[in-house]
Amino acid sequence: MKRSASANWKGTGKEGKGTVSSDSGVLKDTQYSFSSRFESGIGTNPEELIAAAHAGCFTMKLSFVISGAGFTPDNLDTKATVTFENGAIPGIHLDVTASVPGLDAAKFAEFAEDAKANCPISKLLNTNITMDAKLV
């Protein structure tokens, strides 16, 4: 299986503008710029897209880990926060909240660590990944 997306940029790094699109159509000529990346301008940016990919991948992997142990999650919420400093991404933090009937906090923490270490996006990223995981 292969997935792809494309980007187009016109102009200089600071004054130019770009768009990103995905083959699925979820992103279609979605605007990004210096302002949307380094300030608070309208549009997306690579770091936001990485955060979305990581949150989605981790949450699905966590569901597989929990289900594989015989539990069914009622709800899993993950927020991924990418830190971008000095032209590098020194870390990503995952905030996870879950509702899983019959699962205790210790087992949930073990499952969350498993998902953090083994989701494909975590494995792809060469950065420090931290996490706060709560079972509610």
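Of the 136 residues in this chain, 30% count as buried. Keep in mind that you're looking at a predicted model. The predictor was confident here: mean pLDDT for the chain is 96, and 100% of the residues come in at 70 or more. Helix H1 (residues 34-38) has the lowest confidence, with a mean of 94, while helix H3 (residues 105-118) has the highest, at 98.

## Overall layout

The chain's secondary structure adds up to 4 helices and 6 strands. Going along the sequence, you'd read them off as β-β-β-α-α-β-β-α-α-β. As for dimensions, the C-alpha trace spans about 55 × 30 × 25 Å along its principal axes.

For a feel of distances within the chain, take Ala-69 and Asp-29: they sit 40 residues apart in sequence, and their C-alpha atoms are 41 Å apart in space. You'll find Ala-69 in the loop that runs between helix H2 (46-68) and strand E4 (75-85). Ala-69 has a relative accessible area of 38%, so this residue is partly exposed.

## Salt bridges

Side chains of opposite charge can pair when their charged atoms come close. How many salt bridges turn up in a search of the whole structure? The search finds 3, and here they are side by side.

| Pair | N to O distance |
|---|---|
| Arg-37 and Glu-47 | 2.6 Å |
| Glu-110 and Lys-107 | 3.3 Å |
| Lys-116 and Glu-113 | 3.5 Å |

Start with the salt bridge between Arg-37 and Glu-47. This pair links distant parts of the chain, with Arg-37 in helix H1 and Glu-47 in helix H2, 10 residues apart. Are the two partners buried or exposed? Arg-37 has 31% relative accessibility, so it counts as partly exposed. Glu-47 is buried, because its relative accessible area is 7% and the cut-off for buried is under 20%.

Next comes helix H3. Why are Glu-110 and Lys-107 separated by about one helical turn? It's because they are 3 residues apart in helix H3. Both ends of this bridge are partly exposed: Glu-110 has a relative accessible area of 44%, and Lys-107 has one of 34%.

Lys-116 and Glu-113 also lie in helix H3, and they too are 3 residues apart, about one turn of the helix. Here the partners fall into separate categories. Lys-116 has 17% relative accessibility and therefore counts as buried, whereas Glu-113, with 41%, counts as partly exposed.

## A polar contact by the H1-H2 loop

Thr-44 is worth a look while you have the model open. This residue is found in the loop between H1 and H2. With a relative accessible area of just 5%, Thr-44 is buried. Its side chain is joined to the side chain of Glu-48 by a polar contact of 2.4 Å.

## Pockets

Rolling a probe the size of a water molecule over the atoms shows where empty space is left. The largest pocket found in this structure has a volume of about 260 Å³. Which residues line the largest pocket? They are Met-1, Arg-3, Ser-4, Ala-5, Ser-22, Asp-23 and Ser-24. Sorted by class, that lining has 2 nonpolar, 3 polar and 2 charged residues.

The second largest pocket has a volume of about 170 Å³. Its lining is made up of Ser-4, Ala-5, Ser-6, Ala-7, Val-20, Ser-21, Ser-22, Ser-24, Val-26, Leu-27 and Leu-49. Strand E1 (5-10) and strand E2 (17-22) each contribute at least two residues to the lining of this second pocket. By class, the lining of the second largest pocket has 6 nonpolar and 5 polar residues, with no charged residues.

If you compare the two lists, Ser-4, Ala-5, Ser-22 and Ser-24 are among the residues that appear in both linings. Arg-3 and Asp-23 belong to the lining of the largest pocket, and that lining has 2 charged residues.

Definitions and conventions: Residues numbered from 1 in each chain as written. Predicted model: local features only at pLDDT ≥ 70, side-chain atom pairs only at ≥ 80, totals over all residues. Heavy atoms only, no water. pLDDT = per-residue confidence, 0-100. Buried < 20%, exposed > 50% of the residue type's maximum accessible area, 1.4 Å probe, protein only. Salt bridge = Lys/Arg side-chain N within 4 Å of Asp/Glu carboxyl O. 1 Å grid on protein atoms, 1.4 Å probe; cavity = no way out; pocket = protein on both sides within 12 Å on 5 of 7 lines; lining within 4 Å. Points joined across faces, edges and corners; volume = space filled by probe spheres on them. Nonpolar A, V, L, I, M, F, W, Y, C, P; charged D, E, K, R; others polar. Polar contact = N/O pair within 3.5 Å; in protein donor to acceptor, adjacent residues only side chain to side chain.
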